[in-house]
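Please find below a reviewer's note on the structure, prepared for a reader who is new to the subject. The points are best read with the sequence and the structure side by side.

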Amino acid sequence: QDTLRHVLEASHDGKFSDVIRKQMEGYEETFRKSDEMLKARHAQQKKEAPALSKMMAHMNINMKSMQDMPTSRLAEMVIQGGTMGVTELSRQIHDYAGEDKEVLDFARKQLKQEEKNIEELKKFL
C-alpha cells in the first residue's frame, strides 16, 4: 500500500489514479480479512513487505524521478509488482499442505483479484 501511495502521488492521470485507489481499497480489505483470519487461528502476522514494495526498493527509485514518469511507466511498475505477487501466491497455493479450506479459498480469491488488477492496469500501457 505504501508503494501504491507513492505511485498515486506521482500520477497525473485521473483515470489511472482511480484504478490505483480502488486497488488500494482492495488491499486494505485483504489485510483486514487476513488479520481477522490470523487472530481467529491464534497465529502471528508476518511483517514482510509485499512483492511490489520489494520490487520498488530494489529499483531504488526516489519520488522525484517518479514524479516525471508517464502513466504508462507507472502502470508498468505496478504490473511488475503485481506479477511478482501472482507468482509468489501461486507458489504458496501449490505448496500449501494444510487442510484449512477457508485459507485456501482466501488465497485463491486474492490470486484472482491480483490477476484482475494487472488486467485493469494494462490499458494504461
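The numbered points below go from the whole chain to its helices and then to single residues.

1. Nature of the model and overall make-up. The model is a predicted one. Its protein chain contains six helices and zero strands. Following the sequence from start to end, one reads the pattern α-α-α-α-α-α.

2. Burial and surface. The protein chain has 125 residues, and 34% of them are buried. The chain has an accessible surface of about 8,200 Å². Carbon and sulfur atoms account for 53% of that surface.

3. Contacts across the sequence. Consider the contacts in the protein chain between residues at least 6 apart in sequence: 67% of these join residues at least 24 apart. One C-alpha pair illustrates how positions separated in sequence are placed in space: Lys123 and Ala75 are 48 residues apart along the chain, while their C-alpha atoms are separated by 8.8 Å.

4. The pair H5 and H6. Two packed helices are described by the angle between their axes and the distance between the axes. Helix H5 spans residues 71–95 and packs against H6 at an angle of about 160 degrees, the axes being 9 Å apart. Angles over 145 degrees count as roughly antiparallel, and H5 and H6 are therefore roughly antiparallel to each other. The crossing in which H5 passes H6 is left-handed.

5. Residues between H5 and H6. Which residues of H5 meet residues of H6? On the H5 side they are Ala75, Val78, Ile79, Gly82, Thr83, Val86, Leu89, Ser90 and Ile93. On the H6 side, the residues they meet include Leu104, Ala107, Leu111, Ile118 and Leu121, together with Arg108, Glu114 and Lys122.

6. The pair H2 and H5. The axes of H2 and H5 come within 11 Å, and they cross at roughly 20 degrees. Because angles under 35 degrees count as roughly parallel, H2 is described as roughly parallel to H5. H2 passes H5 in a left-handed crossing. Phe16, Ile20 and Gln23 are the H2 residues that meet Thr71, Leu74, Ala75 and Val78 in H5. Ala75 and Val78 are also among the H5 residues that meet H6.

7. A salt bridge between H2 and H6. How many salt bridges does a search of the whole structure find? The search finds twelve. One salt bridge joins the side chains of Lys22 and Glu120, with a distance of 3.8 Å from N to O. This pair links distant parts of the chain, for Lys22 lies in helix H2 and Glu120 in helix H6 (residues 101–122), 98 residues apart. Lys22 has a relative accessible area of 47% and is therefore classed as partly exposed.

8. A salt bridge within H2. Glu29 and Arg32 form a salt bridge whose closest N and O atoms are 2.3 Å apart. Because the two residues are three residues apart in helix H2, about one helical turn separates Glu29 from Arg32. Glu29 is partly exposed, at a relative accessible area of 40%. Arg32 is likewise partly exposed, at 38%.

9. A salt bridge within H6. The side chains of Lys122 and Glu119 meet in a salt bridge, at 2.7 Å from N to O. Lys122 and Glu119 are three residues apart in helix H6, so about one helical turn lies between them. Are these two residues buried or partly exposed? Lys122 counts as partly exposed at 40% relative accessibility, and Glu119 is partly exposed with a relative accessible area of 49%. Elsewhere, salt bridges that share partners join Lys33, Arg41, Asp100 and Glu102 into one network.

10. Two further positions. Asp18 belongs to helix H2, which covers residues 14–40. With a relative accessibility of 46%, Asp18 counts as partly exposed. Asp18 and Leu8 are ten residues apart in sequence, and their C-alpha atoms are 8.9 Å apart in space. Lys123 is located in the segment after H6. The cut-off for an exposed residue is over 50%, so Lys123, at 61% relative accessibility, counts as exposed.

Methods:
Residues are numbered from 1 along each chain as its sequence is written. This is a predicted model: local features need pLDDT of at least 70, side-chain atom pairs count only at pLDDT 80 or more; totals for chains, interfaces and linings use all residues. Side-chain values use heavy atoms; hydrogens and water are left out. Helices (H or I, at least four residues) and strands (E, at least two) are DSSP runs, numbered from the N terminus. Buried means under 20% relative accessible area, exposed over 50%, partly exposed in between (1.4 Å probe, protein chains only). A salt bridge is a side-chain nitrogen of Lys or Arg within 4 Å of a carboxyl oxygen of Asp or Glu. Contact means heavy atoms within 4.5 Å. Accessible areas come from the Shrake-Rupley method with a 1.4 Å probe; for residues, only the protein chains shown count as cover. Axes are lines fitted to C-alpha atoms, for helices over the stretch in contact, and angles run from 0 to 180 degrees between N-to-C directions. Angles under 35 degrees count as roughly parallel, over 145 as roughly antiparallel, 65 to 115 as roughly perpendicular and the rest as oblique. A crossing is left-handed if the near helix is turned anticlockwise from the far one by less than a right angle, and right-handed if clockwise.
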